[in-house]
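Reader: I would like a close look at the salt bridges, taken slowly and with the residues named. Please then set them against the rest of the chain, so that I can find my way from the charged side chains to the core and the surface.

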Amino acid sequence: MSKGRQMSKVMLLTSCLTFLTAVIIVFVFSTPYWLISDGKQPGEKRFERLGLWEVCFKRFHDVYYQYDVKFERCRWIFDEEYSIIIEILEPPFFVAVQVLFTFGFISLLLACVLLLALQICFPSEKEVLAMKLLSLLMLIAGICCTIALITFGARGDGRDWMPDPDHNYLSWSFGLGVVGAFLEYVVSLLFLVESRLAKKRLAIREQQNYNLEQNQNKMGTVI
C-alpha cells in the first residue's frame, strides 16, 4: 500500500483490530493475574497471584519445607530471591506456556511492525504478498497463544502446583488472553480477505494501465 493511499474499509477495520489485539496481548503478557487466590484459606501464609513472569506471595513458605524462608510481595519469577523455589515456580507445563505465549507475542509484534511498514512505505505491487504474510503471522500468533492458554487452563489451577488449589482460580489476565487469541484468528482471516481484494485492485490497475498505453499508442500512430 503506497504512501498517501486511502485504506479500504476492510483494511481500516483490520488495522484497528490488529492494534486492539496487540494492546490486549501486551496486558496478558505482562500482568500477574493469570491465576489468583480468593484469599479465603485459613492463615496468612499463602500464594496470592501469578502471571507469566511475576508471582506474588504473602508470608509464604516452601511447600516442601526444604527452606525456612518466607516469601513476600510480587516479584519477577526469575528473581534471585525466588531461585531456591524455581523448580516449584517453573514446572515443565508452565515453561511450555511461557515459551508458546512468547512466540505468539513476538509473531503479533512482527505483524504490527509489518502493518506499519505497509501503511508507510510498501509499494502497491507488494501489497498482496504483505497481506498474506500478515495473515500467516496472525495465524501463528493465534495458534501459539491458543495452545498456551489451553495448557494453562488444564494445569494452572491443578492440585499438583500452587498450594491451596481449592482457593485458586483463573483470573482476568487469562480471560483477556482467550479474547486476544480469538481476535488473532479474526484478524488473520480479515488479512486474507483483504489480500484477495488487493489482488483484484492490482489486476484492475494493471488493466487500466494497459488500456491507457494502448490508447496512447493508437494516438501516436494516428499522429
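**Salt bridges and their surroundings**

Author: The count of salt bridges comes to 2, and the model in which they are found is a predicted one. In one of them, Arg75 pairs with Asp79, where the closest N and O atoms are 3.9 Å apart; this falls inside the cut-off, because a salt bridge asks for a nitrogen within 4 Å of a carboxyl oxygen. Arg75 also meets Glu81 through its side chain, with an N to O distance of 3.0 Å. Arg75, Asp79 and Glu81 are therefore to be read as one linked network of salt bridges.

How accessible are these residues? Arg75 has a relative accessibility of 19% and counts as buried, since the class of buried residues takes in values under 20%. Asp79, at 24% relative accessibility, counts as partly exposed, and Glu81 at 30% is likewise partly exposed. The network thus joins a buried arginine to two acidic residues that are partly exposed.

To place this in the whole chain, it helps to have the order of the elements in mind. The protein chain has 5 helices and 5 strands, and from the N terminus they follow one another as α-β-β-β-β-α-α-α-β-α. Of its 223 residues, 41% are buried.

The largest nonpolar core holds 50 residues, and within it Trp34, Leu50, Phe57, Phe94, Phe101 and Phe152 touch the most other members. At least two residues of this core come from each of α1 (9–30), β2 (46–50), β3 (54–60), α2 (86–89), α3 (92–120), α4 and α5. Helix α3 makes the greatest contribution, with 11 residues.

Some residues that lie far apart in sequence can be followed by their C-alpha distances. Ala148 sits in helix α4 and is buried, with a relative accessibility of 0%; its C-alpha atom is 5.7 Å from that of Phe101, although their positions lie 47 residues apart along the chain in the numbering. Phe101 has already been named among the core residues that touch the most other members. Trp161, in the loop between α4 and β5 (168–170), is also buried, at 8% relative accessible area, and its C-alpha atom is 8.1 Å from that of Pro91, from which Trp161 is 70 residues away in sequence. Ser37, which belongs to strand β1 (residues 35–37), counts as buried at 11%. The C-alpha atoms of Ser37 and Pro163 are 9.6 Å apart, across a sequence separation of 126 residues.

Turning to the surface, charged residues of another kind appear in a positive patch, which is formed by Lys132, Arg196, Lys199 and Lys200. Patch members take no part in salt bridges, because the rule for patches leaves out residues that have one. Helix α5 (residues 172–222) supplies the largest share of this patch, with 3 residues, while Lys132 lies in helix α4 (residues 127–155). Lys132 is partly exposed, with a relative accessible area of 46%, so its value is above the 30% that a patch residue must exceed.

Helix α4 also takes part in a nonpolar surface patch of about 550 Å², made by Leu133, Leu136, Leu139, Ile140, Ile143, Ile147 and Tyr185. With 6 residues, α4 gives the most to this patch. Ile143, one of the patch members found in α4, is partly exposed, at 39% relative accessible area. Helix α4 can therefore be seen to carry side chains in quite unlike settings: Ala148 is buried at 0%, whereas Ile143 is partly exposed and Lys132 is partly exposed as well.

To return to the request, the salt-bridge network runs through Arg75, Asp79 and Glu81, whereas the positive patch is formed by Lys132, Arg196, Lys199 and Lys200.

Definitions and conventions:
Residues are numbered from 1 along each chain as its sequence is written. This is a predicted model: local features need pLDDT of at least 70, side-chain atom pairs count only at pLDDT 80 or more; totals for chains, interfaces and linings use all residues. Side-chain values use heavy atoms; hydrogens and water are left out. Patches are made of residues with over 30% relative accessible area and no salt bridge: like charges are joined within 9 Å, nonpolar side chains (Val, Leu, Ile, Met, Phe, Trp, Tyr) within 5 Å. Accessible areas come from the Shrake-Rupley method with a 1.4 Å probe; for residues, only the protein chains shown count as cover. Lys and Arg count as positive and Asp and Glu as negative; His and the chain ends are not counted. The place of a charge is taken as NZ of Lys, CZ of Arg, CG of Asp or CD of Glu. Helices (H or I, at least four residues) and strands (E, at least two) are DSSP runs, numbered from the N terminus. Buried means under 20% relative accessible area, exposed over 50%, partly exposed in between (1.4 Å probe, protein chains only). A nonpolar core is a set of buried Ala, Val, Leu, Ile, Met, Phe, Trp, Tyr and Cys residues joined through side-chain atoms within 4.5 Å.
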